[in-house]
Amino acid sequence: MSEQSRLSVKDLVARRKAGYALEAPFYTSPKIFRVDMDVIFGRHWIYVGVEPDVPEAGDAMAVNIGPSSIIIVRGDDEEVRAFHNVCRHRGARILPEGKAIIGNVVCPYHSWTYGLDGDLKFAEHMGPGFDPKCHGLKPVALRSVSGLLFICLSDNPPADIDDMAAAMAPYLAPHDIRNTRVAFQSDLIEDGNWKLTMENNRECYHCAPNHPELTIPLFAYGFGFAPDALDEDGRREAERYAELMRASHARWEAGGLPSREIEHLADRTTGFRTERLPIDQSGESQTMDTRAACRLALGGLTDKSVGGLSFWTQPNSWHHFMGDHIVTFSAIPIDESHTLVRTKWLVHKDAVEGVDYDLQRLTEVWDATNRQDADLVAIGQQGATDPAYEAGPYSPYTEGLVEKFAAWYIDRLAASLP
Amino acid sequence: MSEQSRLSVKDLVARRKAGYALEAPFYTSPKIFRVDMDVIFGRHWIYVGVEPDVPEAGDAMAVNIGPSSIIIVRGDDEEVRAFHNVCRHRGARILPEGKAIIGNVVCPYHSWTYGLDGDLKFAEHMGPGFDPKCHGLKPVALRSVSGLLFICLSDNPPADIDDMAAAMAPYLAPHDIRNTRVAFQSDLIEDGNWKLTMENNRECYHCAPNHPELTIPLFAYGFGFAPDALDEDGRREAERYAELMRASHARWEAGGLPSREIEHLADRTTGFRTERLPIDQSGESQTMDTRAACRLALGGLTDKSVGGLSFWTQPNSWHHFMGDHIVTFSAIPIDESHTLVRTKWLVHKDAVEGVDYDLQRLTEVWDATNRQDADLVAIGQQGATDPAYEAGPYSPYTEGLVEKFAAWYIDRLAASLP
Amino acid sequence: MSEQSRLSVKDLVARRKAGYALEAPFYTSPKIFRVDMDVIFGRHWIYVGVEPDVPEAGDAMAVNIGPSSIIIVRGDDEEVRAFHNVCRHRGARILPEGKAIIGNVVCPYHSWTYGLDGDLKFAEHMGPGFDPKCHGLKPVALRSVSGLLFICLSDNPPADIDDMAAAMAPYLAPHDIRNTRVAFQSDLIEDGNWKLTMENNRECYHCAPNHPELTIPLFAYGFGFAPDALDEDGRREAERYAELMRASHARWEAGGLPSREIEHLADRTTGFRTERLPIDQSGESQTMDTRAACRLALGGLTDKSVGGLSFWTQPNSWHHFMGDHIVTFSAIPIDESHTLVRTKWLVHKDAVEGVDYDLQRLTEVWDATNRQDADLVAIGQQGATDPAYEAGPYSPYTEGLVEKFAAWYIDRLAASLP
């Protein structure tokens with residue numbers, strides 16, 4: 001640890017060994033955390049929520065990302081915009097985290113009043129020399145990808161979000177995100193660095209020993225395994241999965257549902273991956289009995305068994321789009337050893353709780369899975385803090401996508417450090 | 001933020017822009033907080049309480065200021081003295097924060113026993129070579145300004161407290177602080193830097209939108225407004241206030257109550273300001289119905305409508321002296337983002353709770369106001385921590401005294417940094 | 001404080017004044033805390049528990065020392081071994097702190113499975129290039145001193161533990177630690193630096209004013225006093241103690257119980273001290289009535305009045321071995337201002353609670369004493385944090401063994417700093 005703590009971030013980046021977990025300071029150093037907030041969360045597209053979070057003009061949502069707070073608000077022209085949540089007078093935070101319905105953005109301190117477009121409309125006692133035009137809310141770049149909202153805190157946001165948006169549009173269209181609503185949101189604080197949260201999400205090697213609920217609908221095989229090491233039962237299961245994958249993809253694509261993997265996790269600034277995955281048993285949804293949780297189908301879907309479209313973005317999101325509901329996740333760093341995992345369950349906007357869906361049934365698989373993952377992230381952080389920690393090897397079969405996350409992260413640091 | 005964090009404290013002091021809020025590191029940097037504790041709270045007169053906190057010989061009070069703890073104790077000679085609350089043996093903190101009645105100052109660890117004058121009277125087992133005279137409690141400079149207690153942690157306290165004491169004596173005398181007692185004390189921890197606490201206290205621009213209780217007795221006009229921007233109702237109200245101010249000052253001064261403003265907030269080491277302000281409606285006191293909260297008048301006052309004498313000191317106190325009671329406030333830094341606001345309500349020493357005053361009625365205006373101010377300080381701190389924070393302009397009308405606080409603070413740092 | 005904070009650790013070590021408490025940064029500086037964890041707790045023998053904590057094959061205990069976590073486990077060959085509690089795959093902490101009964105050491109994350117000897121027995125999906133032999137648990141040096149377990153985190157542990165083990169064997173043998181069991185364990189977090197915890201343990205100057213329960217069985221005279229300062233009652237008591245000491249030692253040694261002081265607190269890397277001390281009144285045990293708390297005698301002891309064998313080790317343990325029970329303490333640093341004091345009460349392995357002993361009676365003296373000591377350590381830490389703190393003189397009579405602790409600590413730093 002003492003050798004590592006003498007190394008610069010640049011040296012640590014340079015000596016990163018492919019195929020191995022990151023060295024301890026990447027998980028534990030407050031200094032590297034500040035670099036992460038600057039380089040990764042300050043200059044890349046960050047997933048923050050969905051258009052249905054602010055469905056109508058005047059709907060606002062404040063989202064905190066580390067020390068930054070951002071107001072997402074839908075204007076009278078139906079456009080969704082983002083602004084820094086900082087008054088231009090004495091700098092007070094204007095809106096508390098969460099949602100609000102507003103006519104203007106009014107600072108509670110001295111009532112400075114901004115329009116939904118960010119312009120300063122009213123500031124008392126400021127005298128004749130004061131120019132309101134120079135004191136509007138500072139804008140933040142925002143992009144809706146088929147209804148998924150991404151913001152970028154940089155003045156120069158990566159342009160390749162266009163590629164991701166174009167590639168994802170046909171995959172996401174059938175689920176018609178804009179016509180859903182948020183049935184439930186959970187905020188869970190994990191006791192670990194945000195990269196442990198993300199690495200945990202990028203593999204299912206840990207699923208069998210830890211996720212009894214999730215492994216009912218989800219095949220762990222979809223994320224890699226060692227074929228040589230399988231016994232006869234294992235081989236039979238793996239073959240069943242491979243055949244189901246082939247057949248499902250053929251059926252879905254024939255029916256106009258793009259399903260094949262697109263994988264740009266490590267070769268793009270705005271890294272992402274998608275693939276439509278079969279669901280086990282009835283094949284309908286990520287529920288305890290694999291049947292749909294909501295009676296109203298999303299979009300124009302008539303086939304109940306459309307599996308789950310998996311969509312991941314670097315650095316901080318993952319999503320499952322099913323025929324009846326969507327589960328969408330963002331990881332938001334708090335400090336070097338704490339991360340907020342925010343989960344939203346979306347159903348058709350006309351679905352009525354207690355009639356069309358039962359909230360418990362809708363949320364129970366991922367609620368349990370999130371808690372289990374939080375425990376794993378916590379023991380990962382405890383271990384990374386131990387002076388005896390030594391970065392071990394990833395499985396070449398089941399942790400290839402963890403490697404792609406780590407490689408993307410290291411590349412982005414390398415590209416940004418002077 | 002990264003540019004700011006590379007700048008030295010000296011550079012930040014030098015580039016401070018008059019008329020604008022301070023830059024973020026002044027509110028958020030642990031390093032500048034340590035400078036504040038050293039330069040501002042270590043070398044200036046700090047208000048800590050009132051003589052009625054220790055009314056009799058043997059009455060003691062321990063007050064913590066950041067990492068320092070000070071014992072204030074009245075000796076058998078009736079003198080009030082201050083000492084560092086640190087045993088000269090193994091350095092234990094001797095008295096817990098708060099009040100005590102004591103015969104000697106006895107360290108609980110090994111019973112080292114000091115007199116009320118700080119001399120070491122007894123230390124067992126120390127052998128013949130040990131000289132008790134070299135091991136008395138370390139003294140702290142203490143000054144009573146008409147009953148208000150100020151301490152200075154420096155060996156070389158600013159001499160100009162004499163000027164303040166002389167100027168304030170005739171203003172404070174009629175309220176006869178020494179013949180009051182503390183009816184109630186509240187300790188409220190604000191989630192913000194101490195300078196945000198002080199800046200918030202130095203203006204009433206925020207009163208109308210935030211303080212429904214305080215604005216019953218207190219005129220926001222007394223702290224500045226933009227005359228051009230007033231509508232007809234506003235102009236009428238402002239004129240009513242100006243006329244009331246003129247008439248009240250004439251009446252009070254004729255009756256021997258000094259009332260005119262003395263303002264040395266930014267041009268003295270021991271900066272201060274005072275002025276007697278009219279109270280609205282019945283004109284008696286800062287209560288919900290503007291009537292006296294206590295039946296016993298302070299000092300020899302016979303006029304019930306003596307308004308509220310406002311007294312501010314740099315860096316950490318403000319006070320309201322009325323005919324029937326006094327409210328006195330100190331701001332004590334805890335760390336760069338937390339500040340203790342200690343409020344004491346004083347009534348005539350013979351006043352009996354439930355007979356002469358109702359505690360709820362006495363305290364409700366400032367109890368509510370303190371909580372509201374704590375919320376404002378918290379959003380100020382959240383905003384200052386946001387990388388998007390940018391110091392905005394003060395109102396030339398309503399925030400002139402905030403500017404004087406900021407200017408005093410910057411001047412004091414500039415004078416003290418090498 | 002500012003001068004001290006500019007000094008290097010090496011300068012502070014060099015200028016330490018013998019006979020005086022340590023300077024403040026030794027108690028308050030996070031930097032010196034890291035040096036302590038590296039030099040003192042990273043390169044010396046640390047007391048962590050007793051063999052009866054893991055009496056049978058498959059019994060395991062995880063102990064945390066600062067950021068390190070260590071697994072102590074008894075193998076199928078009855079050997080007790082220690083390993084770093086960090087998985088060699090992605091570094092997760094394997095066992096939570098506390099005890100477990102296990103067949104293998106299994107990481108909960110991806111089920112990597114280690115034998116009780118630390119060898120990696122099973123790791124799925126790792127492919128043909130992976131060598132399990134290179135991925136066993138990292139061993140930690142462990143030594144049982146007559147049943148007391150010491151670990152050393154260094155690859156090069158001090159060899160002189162052999163001397164301590166040899167010297168202590170005849171003193172400890174009569175109490176037969178291996179045939180006891182842990183009747184109760186308490187974990188108490190003290191709000192102070194670990195050295196304040198240890199210094200407090202090394203003297204009984206504070207006993208009379210603070211420990212009404214402990215001073216029933218324990219003579220404060222055993223730890224030094226100033227003979228000149230005694231009044232007639234005091235002199236009589238001191239003489240009674242000296243005579244009791246002479247007589248008891250003669251009787252115990254004649255009966256085969258080594259009792260005389262061995263003192264190597266400051267002249268060994270593995271510093272220690274032992275002495276058998278008389279108990280007041282009935283002379284049996286450290287209980288409220290000085291009578292044995294447990295009906296079953298330890299080892300082969302037939303004499304009920306064997307006093308209390310005191311055994312101290314540097315840097316972090318103290319112990320009392322009586323005829324009927326043992327109380328054993330370890331101090332484990334948490335951060336520069338928090339320390340875990342772990343206390344275990346041991347009785348004969350066949351003793352039955354409620355039949356042979358009453359748990360309340362067994363534990364009440366040290367439970368009360370621990371809480372009182374925690375209060376003293378807390379005021380010591382508060383004082384050390386005060387800028388007015390100045391290291392005062394130790395009593396030449398009652399604090400000579402505190403001086404030996406401080407001298408050992410300073411010597412060890414001096415020997416280890418480059």
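# Salt bridges and interfaces in a predicted three-chain model

Student: Glad to go through this with you! In this predicted model, how far apart, N to O, are the side chains of K99(B) and D53(B) in their salt bridge?

Tutor: Good place to start. The side chains of K99(B) and D53(B) do meet in a salt bridge. From N to O, the value is 2.6 Å.

Student: How many residues apart are K99(B) and D53(B) in the chain?

Tutor: Let's place each partner. K99(B) lies in strand 5 (residues 98–101) of chain B, while D53(B) is in the loop between strand 1 (46–50) and strand 2 (59–65). The pair therefore links distant parts of the chain, and the separation is 46 residues.

Student: Is D53(B) buried or exposed?

Tutor: The cut-off for buried is under 20% relative accessible area. K99(B), at 47%, is partly exposed. D53(B) has a relative accessible area of 3%, so D53(B) counts as buried.

Student: Which residue forms a salt bridge with R342(B)?

Tutor: R342(B) sits in strand 17 (residues 338–348) of chain B, and R342(B) is buried, with a relative accessible area of 7%. The partner is in the loop between strand 4 (80–84) and strand 5, 245 residues apart from R342(B). That partner is partly exposed at 40%. With 3.3 Å from N to O, the residue is E97(B).

Student: And R15(B) with E23(B): what is the relative accessible area of E23(B)?

Tutor: The closest N and O atoms of this salt bridge are 2.6 Å apart. R15(B) is partly exposed, with a relative accessible area of 36%. E23(B) is buried, and its value is 16%.

Student: How many salt bridges are there over all chains?

Tutor: Some of them join up: E51(A), R74(A) and R178(A) are linked in a network of salt bridges. A search of the whole structure, over all chains, gives 93.

Student: Let's turn to the interfaces. Which residue of chain B forms a salt bridge with K138(A)?

Tutor: Between chain B and chain A there are 4 salt bridges. In the one with K138(A), the closest N and O atoms are 2.8 Å apart. The partner is E390(B).

Student: Which helix of chain B gives the largest share of the side that touches chain A?

Tutor: The contact brings together 32 residues of chain B and 25 residues of chain A. Helix 6 (194–201), helix 7 (207–210) and helix 9 (359–385) of chain B each supply at least two residues of that side. The largest share, 7 residues, comes from helix 9.

Student: What area is buried between chain C and chain A?

Tutor: The contact takes 25 residues from chain C and 31 from chain A. R90(C), Y109(C) and H125(C) supply 33% of the area that chain C buries against chain A, more than any other three residues. Carbon and sulfur atoms give 56% of the total, which is about 2,300 Å².

Student: Which residue of chain A forms a salt bridge with R88(C)?

Tutor: The count between chain C and chain A is 4 salt bridges. For R88(C), the closest N and O atoms are 3.5 Å apart, and the partner is E390(A).

Student: Last one: what kind of axis relates chain C to chain A?

Tutor: Chain C can be laid on chain A with an RMSD of 0.0 Å by a turn of 120° and a shift of 0.0 Å along the axis. That is the relation of a three-fold axis.

Notes: Residues numbered from 1 in each chain as written. Chains lettered and ligands numbered in written order. Predicted model: local features only at pLDDT ≥ 70, side-chain atom pairs only at ≥ 80, totals over all residues. Heavy atoms only, no water. Least-squares fit on C-alpha atoms with pLDDT ≥ 70 in both. Contact = heavy atoms within 4.5 Å. Buried area = accessible area lost by both parts, 1.4 Å probe. Helix = DSSP H or I, 4+ residues; strand = E, 2+ residues; numbered from the N terminus. Buried < 20%, exposed > 50% of the residue type's maximum accessible area, 1.4 Å probe, protein only.
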